[in-house]
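Please open the model in a viewer and keep the selection panel at hand. The tour below proceeds by selections, each followed by a description of what is found there.

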Amino acid sequence: MRVTMVGSGYVGLVSGACFADFGHTVTCVDKDPGKIEALLAGRMPIFEPGLDALVATNVAQNRLAFTTDLAPAVADADAVFIAVGTPSRRGDGFADLTYVFQAAREIAKALTGFTVIVTKSTVPVGTGDEVERIIREANPDAEFAVVSNPEFLREGAAIDDFKRPDRIVIGLEGERAETVMREIYRPLYLNQAPILVTGRRTAELTKYAANAFLATKITFINEIADLCEQVGADVQQVSRGIGLDNRIGAKFLHAGPGYGGSCFPKDTLALVKTAQDAGTPIRLVETVVAVNDQRKRAMARKVILACGGAVRGKRIAVLGLTFKPNTDDMRDSPALSIITGLQDAGAEVIAYDPEGIEQARPLLDKVTYAADAYACAEGAEALVIVTEWNAFRALDFARLGRSMAAKVLVDLRNVYRPEEVERHGFAYTSVGRGEG
Ligand code: NAD
């Protein structure tokens with residue numbers, strides 16, 4: 001199959017490279033010339049483990065190409081995937097569909113022969129109908145079908161998620177489109193990945209329901225963690241105790257600083273808006289959004305408390321900036337609110353992240369960046385673990401203790417056991433561990 005990806009970001013590039021690896025002929029298009037230049041030169045515009053090798057192999061075998069020129073790439077394609085951003089719209093939090101509709105208009109003009117246009121971007125219910133209307137209006141003679149195929153990959157494990165998905169959801173009407181979509185995903189079907197073929201609106205909503213559910217699970221355990229701190233219980237053990245129940249499942253039950261990233265915050269908010277507009281508000285998710293927003297700032301207060309109630313003029317070292325490990329993505333990372341909260345209270349912040357520093361720079365003011373965890377901690381009155389990168393999982397506490405101004409560790413990801421840190425003379429604060 002000839003596949004074109006419009007948008008070569010975290011989703012478009014990974015999906016495109018994986019489709020090429022399945023044997024399809026793929027062109028990844030992006031309107032950002034810097035991204036395409038980098039890709040043509042063999043450099044990855046994002047950090048995603050394994051992506052550089054996957055791209056290099058498929059480029060070498062002539063199955064994967066990159067361009068800023070959308071029209072020829074669309075004209076040749078059996079399927080054109082829209083994988084552009086759908087950020088929160090300023091002001092009301094609804095998904096901003098400007099990029100999707102713009103892509104649809106550009107695709108419309110370039111269509112030749114029957115083409116399946118697939119929205120892979122996360123889009124609110126009814127967006128497929130609007131994409132169809134836009135294309136029909138721009139090119140009344142075009143032969144096409146609009147399909148919804150939401151993506152469930154996780155940054156940091158994106159290639160594995162794409163190649164071994166729990167399920168593939170395809171929302172469509174019409175046999176012709178179904179034949180093309182089944183052919184594209186045939187290698188995964190052979191691997192027995194469940195393929196759910198639904199109506200288009202159902203597929204669109206399934207993505208939001210999945211993300212809202214996961215965000216709810218995280219928020220639930222975070223509130224249980226707060227309660228644990230008050231009543232002398234251990235959230236790690238509560239998580240394990242409930243997670244071993246198959247009806248609940250162990251994943252997404254790690255208490256921490258609140259969810260962030262490029263998906264959960266904007267998708268929960270967009271679902272809230274869709275539901276309100278439809279006259280069926282989802283109050284549970286509205287609460288999740290509000291609780292999570294408050295939590296990020298509350299984490300700054302937790303650090304301040306660990307520093308004796310004031311951080312004015314104090315140097316605070318932050319380890320981990322990205323919203324989770326193994327990505328360079330800084331969008332809506334809890335670190336942003338935590339660092340700003342500390343700075344508002346007068347702290348001087350120094351930070352280190354293995355991959356996120358370049359993306360963090362434009363988002364944060366007056367932060368100094370260190371070259372590694374130990375340089376970051378030097379002279380600091382507290383060390384705060386915000387993201388659980390592997391590099392922070394076996395810190396040398398004796399070495400840290402010698403170079404820090406005060407032995408204070410705030411572990412917002414519960415990476416360590418209290419005893420092992422306290423043994424080195426550190427005052428240790430974590431999340432939801434009220435025992436002891
Ligand atoms: P991204 O910002 O990394 O990439 C989007 C790309 O689209 C950018 O490179 C941009 O330049 C390009 N673009 C925008 N308009 C274009 C146009 N008209 N023509 C060509 N290129 C254009 O975004 P992302 O993280 O890949 O997310 C894309 C979509 O996938 C979003 O809807 C997101 O919610 C969804 N999604 C993301 C993830 C994730 O983990 N990042 C997971 C599942 C779903």
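A residue is called exposed when its relative accessible area is over 50%, buried when that area is under 20%, and partly exposed in between. The model is predicted.

**Two residues with positive phi**

Select Lys-366 in the loop between α15 (357–360) and β11 (368–369). Its relative accessible area is 79%, which is over the 50% limit, so Lys-366 is exposed. Most residues other than glycine have a negative phi. Lys-366, although not a glycine, has a positive phi of about 55°.

Next, select Asp-332, in the loop between β9 (315–319) and α14. This residue is also not a glycine and has a positive phi, of about 50°. Is Asp-332 buried, partly exposed or exposed? Asp-332 counts as partly exposed because its relative accessibility is 42%, between the two limits.

**Domains**

Colour the protein by its three assigned ranges: domain 1 (2–198), domain 2 (208–287) and domain 3 (294–429). The centres of domain 2 and domain 3, taken over C-alpha atoms, are 24 Å apart. To their contact, domain 2 contributes 14 residues and domain 3 contributes 15 residues.

**Helices α10 and α12**

Display helix α10 (residues 200–231) together with helix α12 (residues 264–277); their axes come within 9 Å and cross at roughly 115°. The two helices are therefore roughly perpendicular. The crossing in which α10 passes α12 is left-handed. To view the contact itself, show side chains on both helices. On the α10 side, the participants include Leu-205, Tyr-208, Ala-212 and Ile-218. They belong to a set that meets Phe-264, Asp-267, Thr-268, Ala-270 and Leu-271 in α12.

**Helices α13 and α14**

Move to α13 (283–306) and α14 (residues 334–344). The axes of these helices come within 8 Å and cross at roughly 50°. The pair is therefore oblique, and α13 passes α14 in a right-handed crossing. Among the residues of α13 at this contact are Lys-296, Met-299, Ala-300 and Val-303; those of α14 include Pro-334, Ile-338, Gly-341 and Asp-344.

Now keep α14 alone and select Pro-334, Ala-335, Leu-336, Ile-338, Ile-339, Gly-341 and Leu-342, which are buried. Against what do the buried residues of α14 pack? Their partners are α13, β9 and β10 (348–352). Just after the helix, select Gly-346, where phi is positive at about 100°.

**The nonpolar cores**

In soluble globular proteins, nonpolar side chains tend to be buried together. Which members of the largest nonpolar core touch the most other members? Among its 60 residues, these are Leu-321 and Leu-395. Helix α14 supplies the largest share of this core, five residues. Domain 2 and domain 3 each provide at least three residues to this core.

Centre the view on Leu-395. Beyond its neighbours within four places in sequence, Leu-395 is in contact with Leu-319, Ala-373, Tyr-374, Leu-383, Ile-385, Leu-400 and Tyr-416. For the final selection, turn to another core, which lies apart and has 42 residues, including Ala-158, Phe-162, Met-181 and Leu-188.

Technical notes: Residues numbered from 1 in each chain as written. Predicted model: local features only at pLDDT ≥ 70, side-chain atom pairs only at ≥ 80, totals over all residues. Heavy atoms only, no water. Core = buried A, V, L, I, M, F, W, Y, C linked by side-chain atoms within 4.5 Å. Buried < 20%, exposed > 50% of the residue type's maximum accessible area, 1.4 Å probe, protein only. Helix = DSSP H or I, 4+ residues; strand = E, 2+ residues; numbered from the N terminus. Domains from an automatic or database assignment. Contact = heavy atoms within 4.5 Å. Axes fitted to C-alpha atoms, helices over the stretch in contact; angles between N-to-C directions. Parallel < 35°, antiparallel > 145°, perpendicular 65-115°, else oblique. Left-handed = near helix turned anticlockwise from the far one by under 90°.
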